[in-house]
Amino acid sequence: MPIDLRSDTVTQPSQGMRDAIASAPVGDDVYSDDPTVNSLEERVAAMFGKEAGIFCPTGSLANQLLIRTLVKPGEELLTEERAHIVRAELGAGAAFSGITTRTWASDRGLLNADTPLALAHENAGPYLVSTTAIAVENTHNFGGGTVQPLSEIERLSKAARERGISMHLDGARIWNAHIATGTSFNEFGKHFDTISVCLSKGLGAPAGSIALGSKAAIAEARIWRKRYGAGMRQIGLLAAAGHYALDHNMNRLVEDHKRAQKIAVALAAHSPSVIDANTVETNIVGLELSQSGISAADFAARCKEQGLWISALGKNYARLVTHLDFDDAQCDEAIAIMIKVLS
Ligand SMILES: *Cc1c(COP(=O)(O)O)cnc(C)c1O
């Protein structure tokens, strides 16, 4: 069996999760009749202190449904240049919602409130594009699992809202930020108008994201979800996996973080230019290979020959993500493989 660290989405549903799926009460969710979906939407909304939630098949759809409630056609969303919303959702904001984006650069995706605040231009009138929302990704995926400082989130949210600019959180891995910092979900929730969370990343559900916001925003998202063709029927089967994931797979994320740290420390000791272990805060290990003499694609290919799968995301950037199907013995093996390839 290969060790698969391409993503935390590659996990298998456990027997307990499969049992929960098999016994879930269900109904037709297009009629809002599915009790398991309804209770999951209410549960996650309450966790973040939001009025309402809607189950979505993917995080991309959750993000897209929410940002279209905040930003009108021709208006602007600001986000970091490697954010999932602008890098991995295939231009959906432009293609479906007619919105424009501008991005700011950062080190590791780390938020400094001053950068978007300097870029933002609210109520720009008939000559320039008006900024109506700012999106923050926490943790930051392509930044290497970076946790955003709560103080910067607070500062950005306060200043943006004073200027009439809405705040969106791409919280696909907000669970990891919570485990890494102890910050409550309610605290995160206070600073954002809309939030997307993924059940299918570290929490290990086979599918599902929840989009959160005000009652009005979620009612609008419900219309657009159906319009996009994602009105689904007895999806309490998936929602049951989400409940199970929240009950059983949250606190164990600390183990994913420890293993990611162990990998980072071992690789840094061998090849200091490849990784600074202090930057590994959660379950993602980003490797900067430009000084290692091997490209990311070659590194990934050579690891694969040895039974370790990782992602080559840039010419010199490779990514490993730890998850619930990755144990201590595999961690030691993965480290040995990568050190061999780097030597
Ligand atoms: C995975 C991810 C999403 C959603 O991805 P889907 O594959 O559409 O579920 C959104 N944002 C971030 C930061 C992610 O890592």
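The dialogue below covers the ligand shell and the cysteines of a predicted model.

Visitor: What makes the pair formed by Ser-60 and the ligand a polar contact?

Guide: A polar side-chain atom of Ser-60 lies 2.6 Å from an oxygen atom of the ligand. The cut-off for a pair of N or O atoms is 3.5 Å, so the pair counts. Asn-141 also has a polar side-chain atom 3.0 Å from a ligand oxygen, and for Asp-170 the partner is a ligand nitrogen, at 2.7 Å. The protein covers 84% of the 380 Å² of accessible area that the ligand has on its own.

Visitor: Which residues come nearest to the ligand, and which helix gives the largest share of the shell?

Guide: Of the 13 residues around the ligand, the nearest are Gly-59, Ser-60, Asp-170, Arg-173 and Lys-201. Helix α3, residues 59-70, supplies the largest share, with 3 residues. By class, the shell has 6 polar, 5 charged and 2 nonpolar residues.

Visitor: How do you know that Cys-56 is not in a disulfide?

Guide: The closest cysteine sulfur, in Cys-198, is 9.8 Å from the sulfur of Cys-56. A disulfide needs the two sulfur atoms within 2.5 Å, so this pair is too far apart for a bond. For Cys-331, the nearest cysteine sulfur is that of Cys-303, 14 Å away, and Cys-331 is in no disulfide. The structure holds 0 disulfides.

Visitor: Why is Cys-56 called buried?

Guide: Its relative accessibility is 0%. Buried means under 20%, so Cys-56 qualifies. Cys-331 is likewise buried because its relative accessible area is 0%.

Definitions and conventions: Residues are numbered from 1 along each chain as its sequence is written. This is a predicted model: local features need pLDDT of at least 70, side-chain atom pairs count only at pLDDT 80 or more; totals for chains, interfaces and linings use all residues. Side-chain values use heavy atoms; hydrogens and water are left out. A residue is near a molecule or strand if one of its heavy atoms lies within 4 Å of it. A polar contact is a pair of N or O atoms within 3.5 Å; within protein, one must be able to donate a hydrogen and the other to accept it, and residues adjacent in sequence count only if both atoms are side-chain atoms. Accessible areas come from the Shrake-Rupley method with a 1.4 Å probe; for residues, only the protein chains shown count as cover. Helices (H or I, at least four residues) and strands (E, at least two) are DSSP runs, numbered from the N terminus. Ala, Val, Leu, Ile, Met, Phe, Trp, Tyr, Cys and Pro count as nonpolar, Asp, Glu, Lys and Arg as charged, and the others, Gly among them, as polar. Buried means under 20% relative accessible area, exposed over 50%, partly exposed in between (1.4 Å probe, protein chains only).
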